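Let's take a walk through this structure, looking at its hollows first and then at some of the elements around them. Keep the 3D view open as you read.

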Amino acid sequence: MKLTDRKWRAFNVTDIFDHIQRGKRLKNADHIPGNWPYVSSSGLNNGVADWIQPTDNSRVFGESISLANSGSVGTAFYEPFEYVASDHVTSFHLENGSKLVYLFMATCLEEQKHNFGFNREINEDRLKRLRLMLPIDDNGQPDYDFMSDYVDQQKKQLQAKYVSYAQKQLQTLGTPKPLKTLSELNWGYVYINDIATVKSGKDIYARERVSGDLPYVTSGTSNNGIGYFVGNDNKSKADHVISVNRNGAVGEAFYHPYTALFGNDCRTLVLNEQYEYAPFFIAAMLRKQKDAFSYSRKLGTARLKVLRVMLPVESDGKPDYDYMEQYVKNKMISKYDKYLQYLRLTGES
């Protein structure tokens, strides 16, 4: 099944969804901790920004699509659960909608995000005029059967790749080994300059970017900081390094075992001791320091070199790389096992 095999037509959202409603404003100070997802305008984690208890003034929605009106404007998520919606999102409910159809429709909605931005949010008037392209049947109506079948096909193809990858990783990682718990370890402060060489990145401006397959790491918080995939090349190219954001999401850190380019809004750490998995542990501990930095207190080369990070240490005070290596391997084995077990339990594998 291919998207190009179908005829498409533009539909007004008010003609497709039976209920469209914006959430209600709820100040952070009024949040009561609970177990209900609070969906706002974040572009991560299905837009879930907090876990709260609904109040009399809350606006609660069931299975639907949430569309960010501001913040990450135009980002759409399928919400399979009941949730409390902030006034920064609008809920789109589809009569007789299924999970697979909702997933297809959410993608179609998000295709419109390029029409909006920080200075052009989705207000009520723009929402009423919002149109989306959908595949149609012989009668010129939305072809929901095709949408469902297409998503199911894509899901099965991707799932087969994930299962194959997880199985190969388990073969590579071997069996988990018993370790001390984190609370039983000796911990100590370690200066970055004592365990790594700090290098600067090099910006590739928008007008210079060439489309390609090489990851270009900027200063984001998701996707390992990868902002683009480019065909450029420069002196920042490296692999098996940790990137630390100097600007933007200051202090975020990611390990890159693959070859990538790095912008000047991040720094790269070339560790003195080369391990395959321990760098993931070190990157996680580096992220623990990010609260000490901000937009007005950036994490440049000089500060990064003298930054102290807490790590498991041996009796001589040197980082216990062997422990960190096996700890990460054990975690990975556990995650891959749980994923495969979940598929078996749900009958999806």
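Before we sort any lining residues into classes, here is the convention: Ala, Val, Leu, Ile, Met, Phe, Trp, Tyr, Cys and Pro count as nonpolar, Asp, Glu, Lys and Arg count as charged, and the others, Gly among them, count as polar. Bear in mind, too, that this is a predicted model.

With that convention in hand, start at the second largest pocket, whose lining divides into seven nonpolar, two polar and three charged residues. This pocket has a volume of about 250 Å³. Its lining takes in Lys 99, Leu 103, Val 151, Gln 154, Lys 155, Leu 158, Gln 159, Tyr 162, Tyr 339, Tyr 342, Leu 343 and Glu 348. Where do these come from? At least two lining residues each are supplied by α2 (99-110), α4 (144-173) and α8. The largest share belongs to α4, with six residues.

That makes α4 a good helix to follow for a while. Its 30 residues should span 44 Å at 1.5 Å a residue, and the C-alpha atoms at its ends sit 43 Å apart, which agrees. Plenty of its side chains are tucked away: the buried residues of α4 are Phe 146, Met 147, Ser 148, Tyr 150, Val 151, Gln 153, Gln 159, Val 163, Ala 166, Gln 169, Leu 170 and Leu 173. It helps to remember that an α-helix has 3.6 residues a turn, so residues three or four places apart point the same way. What covers the buried residues of α4? The cover includes α2, β10 (131-135) and α8. Right after α4 comes Gly 174, which has a positive phi, near 80 degrees.

Now zoom in on Gln 159, which belongs to helix α4 and also helps line the second largest pocket. Is Gln 159 buried or exposed? Its relative accessibility is 13%, and because the cut-off for buried is under 20%, Gln 159 counts as buried. Setting aside neighbours within four places in sequence, Gln 159 touches Tyr 339, Leu 343 and Glu 348. Those three partners turn up in the lining of the second largest pocket as well.

Next, the largest pocket, which holds about 350 Å³ of space. It has 18 lining residues, and the ones nearest its centre are Phe 280, Phe 281, Ala 284, Arg 287 and Val 328. The elements giving two or more residues to this lining are β16 (253-256), α6 (278-287) and α8 (321-345). By class, you'll find 13 nonpolar, one polar and four charged residues here. So far we've met α8 at both pockets.

What about closed spaces? Searching the whole structure turns up one cavity of 30 Å³ or more, and the space in it comes to about 30 Å³. Around it you'll find Val 39, Ser 40, Ser 42, Asn 46, Gly 47, Ser 66, Ala 68, Thr 75, Phe 77 and Val 89. This lining has four nonpolar, six polar and no charged residues.

Last stop: a sheet. Three strands form an open sheet with mixed pairing, in the order β14-β13-β17. The edges are β14 (226-230) and β17 (261-262), each with a single partner strand, so one side of each has no neighbour in the sheet. Strand β13 (residues 211-217) runs parallel to β17, and two bridges join them. To find this pairing in the view, look for Val 217, which stands opposite Phe 262 in β17.

How values were computed:
Residues are numbered from 1 along each chain as its sequence is written. This is a predicted model: local features need pLDDT of at least 70, side-chain atom pairs count only at pLDDT 80 or more; totals for chains, interfaces and linings use all residues. Side-chain values use heavy atoms; hydrogens and water are left out. On a 1 Å grid over the protein atoms alone, a cavity is a set of points where a 1.4 Å probe fits but cannot get out, and a pocket is an open set with protein on both sides within 12 Å along at least five of seven lines; lining residues have an atom within 4 Å of a point. Grid points are joined across faces, edges and corners, and a volume is the space filled by probe spheres set on the points. Helices (H or I, at least four residues) and strands (E, at least two) are DSSP runs, numbered from the N terminus. The expected span of a helix is 1.5 Å times one less than its number of residues. Buried means under 20% relative accessible area, exposed over 50%, partly exposed in between (1.4 Å probe, protein chains only). Contact means heavy atoms within 4.5 Å. Two strands pair if DSSP finds at least two bridges between them.
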